[in-house]
Amino acid sequence: MTTSGPLTDDGLVQLLTPTGERVDHPDYTPRVAHLDDEALRGLWRDMVLVRRFDTEATALQRQGELGLWAQCLGQEAAQVGSGRALAPQDYVFPSYREHGVAHTRGLDLTELLRLFRGVDHGGWDPTDVNFHLYTLVIGSHTLHATGYAMGVQRDGAVGTGDPGRDTAVVTYFGDGATAQGDVNEALVFAAVNNAPLVLFCQNNQWAISEPTTRQARVPLAARGPGFGVPSVRVDGNDVLACYAVTAEALERARSGGGPTLVEAFTYRMGAHTTSDDPSRYRSAAEEDYWRQRDPIDRLTTYLTATGALTDAFRAEVEAEADALGERTRTFVRALGRPETSTMFEHVYATPHAVVDAERAWFEQYEASFAGGEQR
Amino acid sequence: MTTQRMTFAKAINTGLRKALEHDPKVMLMGEDIGALGGVFRVTDGLAKDFGGDRVVDTPLAESGIVGTAIGLALRGYRPVCEIQFDGFIFPAFDQITTQLSKMHYRSRGRLNLPVVIRVPYGGGIGAVEHHSESPEVLFAHTAGLRVVSPSDPQDAFTMIQQAIASPDPVMFFEPKGRYWEKGDVDTDADPLAAASTLDGARVLRSGTDVTLVAHGPTVATALKVADAAASEGRSVEVVDLRTISPLDTTAVAESVRRTGRCVVVHEAPVLYGTGAEVAARITEECFYHLEAPVLRVGGFHTPYPVAKLEHEYLPGLDRVLDAVDRVLAH
């Protein structure tokens, strides 16, 4: 751990230490004061279920059932903590690794797998759960979130004081994305428009093989003030602190206080995707260091010490996770090849003569093999 | 019917005004489009009448303009973006091609992005570098975008309103060299009740000897060519493509089957240009009707040249007439 630069752990908001001790923070302790044992168990359950799902998806890729999988291993606290601070009317623009946030929005996790199975470029109706489709071009969606937030302003859904109406928009992106022009433009547009936006950066320290030191010379949160955007660094492996800082940022957004940049300092414990090989660019010692800062373990330690995490509850969640794993495997294997004709559907919302003509030609071509071999 | 004589720029301005009046979700976004009225004054007076929340002076960042327009559209708005000049669209190229064009498809039809991107394009105005280009085919090559270009004030008035009403993203290329040319515009007609101008070509001048295909700024050139050719006893039919995507070669083919000869003209470079696509399709569809190869007249495979040389680069009257002569020589 360095003491300066983008990988320092200086200035991190923390409410739960890596060894599971509950510590106080003058600004943020009140943000989690209402979380009772049941709520804390809920956060633990969320993280355990997301990790099980993530593990199953990785295994399914290894079995050839998925073309690719991007693990969120190690980032469960950042995602579940921030996601559970959201209100139903809030809207999320994720990157492509925010499986934990998807879970908190009520999206059935299996729906994420159509994209990675290669049967759909999206997979769900974003308006059902206010969770936009995954965006694979790094940082592009942060501008969509900003524009959406500008629309929320125009709809008068900010600063009314009505907790059921005031709306915030959250966009998730990584350390690598902070180098993209679009992320910087999102900060500019959000700032000058005072948009109700939370820019939630998960600094997982690795953009595939490049460490955050290749993206920045300063902690990523230090960029915010230059844009006029209040910023906070949080221990991304501390689910309580992530909840607290997000709750504060959401409140600022909904009340008309404008955007916030959150840097959740965490670690990508797995590979970038199943196509990656981290052993080529980082050490086992580094991975061990972070394994000891596992976001689930510290909550387990804390809740076990307080007595909130009973054996009965753990067994219940374990059974639930087993069922989720089984359901995930069954779901993926049942996802068949789409009809070829769907390739031509929804290119445009209104008829387009070239697409129509090419589709007609192709269908005629396919039909010319009628009675012949089928794919 | 109230016909008013107005410039091309005023026709778009009037169309934008009608759209803002017609639908409270319509909004304009761009650089200097508010108090200044845009560098070409196309949005003149609109910020004053509709306010800064609907006619938005944006930060100077094209990707940001298009990216936030996508988000606004997802929230239910109908943004009309102005890119100040053709050569400045490339910072937004990523948002347009990877995001705007594909959202409807990748959401399997669940999401629409009714975003219009207005682009003043083309040369002939003596401008500095990056202010005279014709990048329309770069967008036509991307599925999911409609790419259109009006050629006269009436079409500009109609097409901008139909583009804004379209549920699809529309790249709206405005021939800036024609902004100050005047024409009659029926401002009472309801463009949304009229036939679509976003799907098909139109025959602007009937003729029997050669089909001359143009769009945007070169349509006026083509009409002058037809006049000049007529004085030499040659009958040129002028087809205004209006849309580059979809490309309506049905109308062109119907014409070529009668004339047997075809010339395509545009300001963009000939290499891989609209003319190449028209020529390929006409050759496929009308092979046995053709008396001569389809010829293309356009820009060269050079960067857009300095202003003092642009009239040699641009397909003017003489070069198009030369091509007409060459197809007739077969």
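Angles under 35 degrees count as roughly parallel, over 145 as roughly antiparallel, 65 to 115 as roughly perpendicular and the rest as oblique. This is a predicted model, where local features need pLDDT of at least 70, side-chain atom pairs count only at pLDDT 80 or more, and totals for chains, interfaces and linings use all residues. Residues are numbered from 1 along each chain as its sequence is written, chains are lettered from A in the order written, and side-chain values use heavy atoms, without hydrogens and water.

**Exercise 1.** Classify the packing of H8(A) against H3(B).

*Solution.*
1. Take helix H8 (residues 181–193) of chain A and helix H3 (residues 62–74) of chain B. Helices are DSSP runs (H or I, at least four residues), numbered from the N terminus.
2. Their axes lie 9 Å apart, at about 75°. Axes are lines fitted to C-alpha atoms over the stretch in contact, with angles from 0 to 180 degrees between N-to-C directions.
3. H8(A) and H3(B) are therefore roughly perpendicular.
4. A:Asp182, A:Glu185 and A:Phe189 meet B:Ser63, B:Gly64, B:Ile65 and B:Thr68 (contact: heavy atoms within 4.5 Å).

**Exercise 2.** Describe the surroundings of strand E5 (residues 116–121) of chain B.

*Solution.*
1. Strands are DSSP runs (E, at least two residues). Pairing requires at least two bridges found by DSSP.
2. Strand E4 (residues 78–82) of chain B pairs parallel with E5(B) over three bridges. B:Glu82 has B:Arg118 as bridge partner.
3. Strand E7 (residues 170–175) of chain B also runs parallel to E5(B), joined by six bridges. Here B:Val116 partners B:Val170.
4. Six of six E5(B) residues are buried (under 20% relative accessible area, 1.4 Å probe, protein chains only).

Notes. Buried means under 20% relative accessible area, exposed over 50%, partly exposed in between (1.4 Å probe, protein chains only).
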